[in-house]
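Subject: Structure handover

Hello,

Here is the structure, handed over with its sequence. My notes on what turned up follow below it.

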Amino acid sequence: MKILRNVVIAIAALLVLFLVIAFFLPSKFAVERSTVIPAVADSIYVRVVTPRTWATWSAWTAKEDSTLAYTYAGPDSGVGAVMRFTAKQMGNGEMEIVETVPGRLVAYELRLVGTDMKVNGRVTLEPSGEGTKITWRDSGDLGGNVLLRYLTPVLDGNLAAAYEKNFAGLRRETAAN
């Protein structure tokens, strides 16, 4: 009986330690990557500013999660264009285009259902000798759930991998035109 009590105390102590550590992990994150795509900025911009095209080139496709389904609201592209998604693996949420500068910038907000987490994304485009330099940046706050703070260390790697897929998809799409 004494062994069982010690095991329960040890498990409780580990859980408390797990929670205490979470309070000291950062709740804010920022991830950014850049590449050069051999295409003019306008051909990249038109794809990024139009959420209805993301399913053809982005990392977030049915290939990654067969349950992924998109619906759209607002204008087809530009400020106010909204892409809602549901998926068993990726979760549910919506992305809204909140700022644009034609041929140069697309900014969006990504909100995930069931969390108070909001991601602010920016895709910037600038001329480069070999085409267009595209910089993708996501930043945000994981919200009040301290357990989500354990995601902060893995977000960099996961988002970086997603950006690489996005860059590859945009390369493929712009080369086809």
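In this predicted model, helix H2 spans residues 41-48, and its buried residues are Ala 41, Ile 44, Tyr 45, Arg 47 and Val 48. These residues sit on the same side of H2, because the arc they cover around the axis is only 165°.

Next, the aromatic rings. Searching the whole structure gives 7 aromatic pairs. In one of them, the ring centres of Trp 54 and Trp 57 are 5.0 Å apart and the planes meet at 50°, so this pair is tilted; planes have to be over 60 degrees apart to count as edge-to-face. Both residues belong to helix H3 (residues 54-57), and since they are 3 residues apart there, about one helical turn separates them.

Are these two side chains buried or exposed? Trp 54 has 3% relative accessibility and therefore counts as buried, the cut-off being under 20%. Trp 57, with a relative accessible area of 1%, is buried too.

Trp 54 also pairs with Trp 136, and that pair is edge-to-face, with 5.7 Å from centre to centre and 70° between the planes. This pair links distant parts of the chain: Trp 54 lies in helix H3 and Trp 136 in strand S7 (residues 131-141), 82 residues apart. Trp 136 is buried, as is Trp 54.

Which residues make up the aromatic cluster? Trp 54, Trp 57 and Trp 136 are in it, together with Trp 60, Tyr 108 and Tyr 163.

Regards

Definitions and conventions: Residues are numbered from 1 along each chain as its sequence is written. This is a predicted model: local features need pLDDT of at least 70, side-chain atom pairs count only at pLDDT 80 or more; totals for chains, interfaces and linings use all residues. Side-chain values use heavy atoms; hydrogens and water are left out. Buried means under 20% relative accessible area, exposed over 50%, partly exposed in between (1.4 Å probe, protein chains only). Helices (H or I, at least four residues) and strands (E, at least two) are DSSP runs, numbered from the N terminus. The arc is that of the directions from the helix axis to the C-beta atoms. Rings of Phe, Tyr and Trp (its six-membered ring) pair if their centres lie within 6.5 Å; planes under 30 degrees apart count as stacked, over 60 as edge-to-face and the rest as tilted.
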